[in-house]
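Work through the following exercises with the sequence and the coordinates side by side, trying each task before reading its solution.

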Amino acid sequence: MQGNCDTCAYLMYDEEFDEYVCDVNMDEDDYGRLVETHFRECPYYTNGDEYRVVRHQM
């Protein structure tokens, strides 16, 4: 999967693993589809830029 995980709203720092992880709430079925299917981009990506809409209005 490709994508820019650095700007994803679901990217969280996990102190136990000492690294950033994707913190998407998904069940086993969703995870199975994610692993089996080839995506060009992450289907769970959400832009974490809170000011994106404001800059668009300027």
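**Exercise 1: An aromatic pair in the hairpin**

At 55% relative accessibility, Tyr20 counts as exposed, where exposed means over 50% relative accessible area, buried under 20%, and partly exposed in between, with a 1.4 Å probe and protein chains only. The model is a predicted one, in which local features need pLDDT of at least 70 and side-chain atom pairs count only at pLDDT 80 or more, whereas totals for chains, interfaces and linings use all residues. Residues are numbered from 1 along each chain as its sequence is written, and side-chain values use heavy atoms, with hydrogens and water left out.

Task: state how many aromatic pairs there are, and describe the geometry.

Solution. Begin with the rule, by which rings of Phe, Tyr and Trp (its six-membered ring) pair if their centres lie within 6.5 Å, while planes under 30 degrees apart count as stacked, over 60 as edge-to-face and the rest as tilted. The count by this rule is one aromatic pair. Its members are Tyr13 and Tyr20, with 5.2 Å from centre to centre and 65° between the planes, and the arrangement is therefore edge-to-face. Finally, check the surroundings: Tyr13, at 40% relative accessibility, is partly exposed, whereas Tyr20 is exposed.

**Exercise 2: The strands and their turn**

Task: lay out the order of the elements, then find which residue in the hairpin takes a positive phi.

Solution. The protein chain has two helices and two strands, which follow one another as β-β-α-α from the N terminus on; helices (H or I, at least four residues) and strands (E, at least two) are DSSP runs, numbered from the N terminus. Next, consider the pairing, for which DSSP must find at least two bridges between two strands. Strand β1 (residues 11-14) and strand β2 (residues 19-22) run antiparallel and are joined by four bridges. Met12 has Val21 in β2 as its bridge partner, and Asp14 stands opposite Glu19 in the β2 strand. The hairpin has four residues between its strands, and Asp18 is found in this loop between β1 and β2. Asp18 has a positive phi of about 60° although it is not a glycine, and at 57% relative accessibility Asp18 counts as exposed.

**Exercise 3: Two cysteines without a bond**

Task: explain why the structure holds zero disulfides, starting from Cys8 and its closest cysteine sulfur.

Solution. A disulfide is a pair of cysteine sulfur atoms within 2.5 Å. The cysteine sulfur closest to that of Cys8 belongs to Cys22 and lies 5.4 Å away, which is too far for a bond. Starting from Cys22 leads back to Cys8 at 5.4 Å, again too far for a bond. The structure therefore holds zero disulfides. As for its setting, Cys8 is buried, at 11% relative accessibility.

**Exercise 4: A salt bridge in a helix**

Task: identify which residues form the one salt bridge, and locate them in the helix.

Solution. The criterion is a side-chain nitrogen of Lys or Arg within 4 Å of a carboxyl oxygen of Asp or Glu. Asp30 and Arg33 form the salt bridge, their closest N and O atoms being 2.6 Å apart. Both lie in helix α1 (residues 28-36), and because they are three residues apart there, about one helical turn separates them. Asp30 is partly exposed, with a relative accessible area of 22%, and Arg33 is likewise partly exposed, at 48%.

**Exercise 5: From one distant contact to the whole chain**

Task: place Asn47 relative to the helices and to Thr7, then say what share of the residues is buried.

Solution. Asn47 is found in the loop between α1 and α2 (52-57), and is partly exposed, with a relative accessible area of 28%. Although Asn47 and Thr7 are 40 residues apart in sequence, their C-alpha atoms are 6.0 Å apart in space. For the protein chain as a whole, 5% of the 58 residues count as buried.
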